[in-house]
Amino acid sequence: MSRSCWQRLFWLGFALFFSIFLGACGGDRLVGTPERNTIVIGTTARLRTLDPADAYETLAGLLLYNMGDRLYTYAPNSHELVPQLATALPEVSADGLTYRIPLRRGVRFHDGTEFNAAAMVFSLQRFMDSGGQPSSLLAGRVAAIRALREDLLEIQLKEPFVALPHLLAFSGLCAISPTAYAAAADRFLPTQFVGTGPYQLAAYGTDGVHLKPFREYWGTAPRNQGIRLQVFSSSANLYNAFRTGSVDIALGVLDPNQIRALKEQASTHHWQVIAGEGNAITVLSLNLRQPPWDRLGARQLLAASINRQRLEERVFLGAVDPLYSLVPTLFPVSEPVFRDRYGDGQPTTMAQWLETAAVTAEHPLVVNLWYRANIPSNVLAATVLKASLERDLGDRVRVQLDSADAATIYRNLDTGAYPLVMLDWYGDFYDPDNYLEPFLSCDRGSATAGCDSGASAAWGSFFYSPQANVLIAASRRETNPQRRDELLRQLQVLNAEAVAFIPLWQSQTTLFAQPSISGLALDVNQYFSFAPLQNAQ
């Protein structure tokens with residue numbers, strides 16, 4: 001896994017921490033005075049940048065998703081990939097390395113610059129060359145990008161990657177105006193955005209942003225007069241603002257008690273609850289170079305001892321879903337391989353793995369679990385996991401909890417400092433590959449020494465499997481959907497058999513909206529479009 005990947009992990013934990021703990025006491029002032037049919041969206045997430053070449057947080061992705069256009073997007077309420085700035089799906093060469101993409105004509109950027117293939121080349125090349133946090137998503141895969149004519153783009157890959165069209169739907173790979181960004185080739189512009197989407201940036205502040213409809217948009221015009229996004233300093237302030245009607249839509253981090261309270265009161269107040277399967281997963285990374293996790297039997301016993309239902313109920317009050325594969329249930333190909341093989345912490349299932357692991361009161365399983373101290377859910381989850389293991393295994397287990405801040409843990413993962421560590425991951429684009437390759441691939445290693453360089457080493461697992469590398473490469477070449485799904489299933493089974501990573505839970509995406517709001521729906525990538533939103537008040 002590249003440097004930008006662990007930076008992605010750091011920023012996920014960083015944003016979660018600051019969304020809960022930082023900010024001034026008391027209420028938050030709404031940005032400006034909302035106009036009629038202007039939608040007010042409240043969040044606790046912090047906005048670091050709007051530069052597509054450096055934006056890697058969920059809130060920035062949501063804003064870019066609505067202010068920018070990409071080559072491809074998803075049909076509403078569908079897994080179907082559809083053209084956006086492209087006019088058709090790519091024409092792919094027989095070797096899977098060359099993609100030719102026809103482009104839409106008559107599109108203009110927010111500053112009036114004309115969109116064409118050269119502008120798309122500029123946008124994608126800047127994304128790759130900038131060295132921003134998400135740059136390796138494309139830079140590691142692309143050999144060259146060319147404008148063959150004004151309405152035809154060519155992308156040449158280093159290796160076949162059938163998920164490229166899904167990657168091109170990533171929010172950061174939107175078209176940006178060469179006029180506006182030409183002078184910023186070697187620097188980021190965090191407080192501006194000039195794209196081709198249905199909204200343009202009207203104001204950017206530390207406490208929120210204002211978007212207004214782009215009157216020359218080539219597609220369907222927004223059904224509202226604009227969007228005001230308000231950043232709240234705490235989940236309590238956002239919760240109260242929604243309950244009092246100051247906010248039309250609440251998104252971001254609310255604590256489990258607040259989510260449960262809003263759900264319970266929804267029918268009384270006629271609030272809308274829009275829920276979806278989230279794209280963030282939490283896993284245990286096992287260091288296969290350290291005892292006891294260098295023994296398969298010990299890893300299998302731990303996998304059989306995880307009671308995900310207790311974590312779901314006691315830590316999150318039902319606001320997450322138990323996870324039994326590295327691939328979240330967002331994808332039809334997800335298989336509950338850990339539940340099928342190890343159960344879910346039931347004593348009857350654990351008995352067989354106790355015998356396999358040769359664990360007794362005299363020779364207990366020593367579990368030294370590390371977690372990120374600045375992530376409140378991880379603190380509680382580690383405590384519950386410890387109590388659960390001690391309850392079910394008794395004197396056959398010794399559990400020690402240790403913690404460090406997220407930045408320290410991510411910085412030291414590839415040094416092998418942690419025997420067992422709880423970590424989060426959320427996919428960059430809608431494809432199962434994004435939940436398998438970043439964990440299971442290895443660039444250099446051996447069966448005896450494990451992975452020396454590559455994704456699994458960056459996670460602190462050091463898992464090495466030539467079979468995994470072969471399956472990943474094959475799945476990236478396979479154009480037949482059924483055959484590709486089978487390869488992806490084999491990768492899920494392989495991880496369950498080796499127990500390199502133990503999946504724990506996946507997030508839920510939950511939005512709350514006032515009864516007067518219409519047009520709110522989650523897309524398959526867990527974003528939502530602003531343009532269909534209307535306020536009947």
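Is Leu317 buried, exposed or partly exposed? Leu317 is partly exposed, with a relative accessible area of 31%. Please keep in mind as you browse that this is a predicted model.

## Unusual backbone spots

Leu317 deserves a look for its backbone too. Its phi is near 55 degrees, which is a positive value in a residue other than glycine. You will find Leu317 in the loop that links helix 10 (308–314) to strand 13 (320–322).

Phe462 also has a positive phi, about 65 degrees, although it is not a glycine. Its home is the loop between helix 16 (455–458) and helix 17 (466–477). Phe462 counts as buried, because its relative accessible area is 4% and the cut-off is under 20%. For context, most residues other than glycine have a negative phi, and most peptide bonds are trans. Against that background, the peptide bond from Pro291 to Pro292 is cis, with omega near 0 degrees. Pro292 belongs to the loop between strand 12 (272–286) and helix 9 (296–305).

## Two nonpolar cores

Now to the interior. The largest nonpolar core holds 132 residues, and those touching the most other members are Leu71, Leu153, Ile155, Leu284, Leu440 and Ile502. The element that gives the most to this core is helix 3 (residues 117–129), with 7 residues. There is also a second, separate core of 39 residues, whose members include Ala55, Ile176, Ile227 and Leu511.

Leu71 is a good place to zoom in. Setting aside residues up to four places away in sequence, Leu71 touches Val82, Pro83, Gln84, Leu85, Ala86, Ile101, Leu103, Met120, Leu153 and Leu168.

## A covered helix

Helix 2 (residues 58–67) is mostly covered, with 9 of its 10 residues buried. Those buried residues are Leu59, Ala60, Gly61, Leu62, Leu63, Leu64, Tyr65, Asn66 and Met67.

What do the buried residues of helix 2 pack against? Their partners are strand 1 (38–43), strand 2 (72–74), strand 8 (199–205), strand 9 (208–213) and strand 10 (226–231).

## Helix 15 meets helix 18

Helix 15 (residues 433–440) and helix 18 (residues 481–498) have axes that come within 11 Å and cross at roughly 45 degrees. That angle makes helix 15 oblique to helix 18. The handedness of their crossing is left-handed.

On the helix 15 side, Asp433, Leu436 and Leu440 take part, and they meet Arg484, Leu488, Leu491, Gln492 and Asn495 of helix 18. Sorted by class, this contact has 4 nonpolar, 2 polar and 2 charged residues. The spacing of such residues is easier to read with a general rule in mind: an α-helix has 3.6 residues a turn, so residues three or four places apart point the same way.

## Around Phe501

Phe501 sits in strand 19 (residues 501–513). Why does Phe501 count as buried? Its relative accessible area is 0%, so it falls in the buried class, which is under 20%.

Leaving out neighbours within four places in sequence, Phe501 is in contact with Leu284, Ser285, Leu286, Leu326, Phe338, Phe439, Leu440, Trp459, Ser461 and Asn495. Leu440 and Asn495 also appear in the contact of helix 15 with helix 18, while Leu284 and Leu440 are among the core residues that touch the most other members. As for Ser461, it is 40 residues from Phe501 along the chain, and the C-alpha atoms of the two are separated by 7.6 Å.

Definitions and conventions. Residues numbered from 1 in each chain as written. Predicted model: local features only at pLDDT ≥ 70, side-chain atom pairs only at ≥ 80, totals over all residues. Heavy atoms only, no water. Axes fitted to C-alpha atoms, helices over the stretch in contact; angles between N-to-C directions. Helix = DSSP H or I, 4+ residues; strand = E, 2+ residues; numbered from the N terminus. Parallel < 35°, antiparallel > 145°, perpendicular 65-115°, else oblique. Left-handed = near helix turned anticlockwise from the far one by under 90°. Contact = heavy atoms within 4.5 Å. Nonpolar A, V, L, I, M, F, W, Y, C, P; charged D, E, K, R; others polar. Core = buried A, V, L, I, M, F, W, Y, C linked by side-chain atoms within 4.5 Å. Buried < 20%, exposed > 50% of the residue type's maximum accessible area, 1.4 Å probe, protein only.
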